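Let's take a look at how helices pack against each other. Have the picture open while you read.

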Amino acid sequence: SAEGYDDVRDIVLGRCSMCHAREPFWEGMLWAPKHVYLETDADITAHARMIYVQAGISAAMPPANVSFITEEERDKIAAWFRSAREDGGIALALQ
């Protein structure tokens, strides 16, 4: 429910879920990296901190930026996570 979640969900579904799916779309990929699934609201919320670190404040994901995530999208991910922490929505699960 944190501010910006709808945008972040669209970013994650569009830029991350092709690999981080229960049945990955990426050719030759048999399972999601580290078995991290990012297909549902529950998946995204459960991995909020990881998404923030790997795709929001660093360029670690996607590798070699294969899905062409933009700096604006990274900024939206970071702002959403910070907003959620400030609101207390996900902070308890992440400390």
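Start with what is tucked away: in this predicted model, the buried residues of helix H4 are Glu73, Arg74, Ile77, Ala78, Trp80, Phe81, Ser83 and Ala84. H4 itself covers residues 71-87. With its 17 residues, H4 reaches 24 Å from first C-alpha to last, close to the 24 Å expected at 1.5 Å a residue.

Now for the neighbours. When two helices pack, people describe the pair by the angle between the axes and the distance between them. Here are the two pairs that involve H4:

| Helix pair | Axes come within | Crossing angle |
|---|---|---|
| H1 (residues 5-15) and H4 (residues 71-87) | 9 Å | roughly 130° |
| H3 (residues 48-56) and H4 | 9 Å | roughly 145° |

Take H1 first. Its axis crosses that of H4 at roughly 130°, which means H1 is oblique to H4. The crossing is left-handed. Which residues of H1 and H4 meet? On the H1 side they are Tyr5, Asp7, Val8, Ile11 and Arg15, and on the H4 side Glu73, Lys76, Ile77 and Trp80. Sorted by type, this contact has 5 nonpolar residues, no polar ones and 4 charged.

Next comes H3, which also passes H4 in a left-handed crossing. From H3, the contact uses Ala48, Arg49, Ile51, Tyr52, Gln54, Ala55 and Gly56; from H4, it uses Arg74, Ile77, Ala78, Trp80, Phe81 and Arg82. That gives 8 nonpolar, 2 polar and 3 charged residues.

Look at Ile77 and Trp80 once more: they are buried, they meet H1, and they touch H3 too.

How values were computed. Residues numbered from 1 in each chain as written. Predicted model: local features only at pLDDT ≥ 70, side-chain atom pairs only at ≥ 80, totals over all residues. Heavy atoms only, no water. Axes fitted to C-alpha atoms, helices over the stretch in contact; angles between N-to-C directions. Helix = DSSP H or I, 4+ residues; strand = E, 2+ residues; numbered from the N terminus. Parallel < 35°, antiparallel > 145°, perpendicular 65-115°, else oblique. Left-handed = near helix turned anticlockwise from the far one by under 90°. Contact = heavy atoms within 4.5 Å. Nonpolar A, V, L, I, M, F, W, Y, C, P; charged D, E, K, R; others polar. Expected span 1.5 Å × (residues − 1). Buried < 20%, exposed > 50% of the residue type's maximum accessible area, 1.4 Å probe, protein only.
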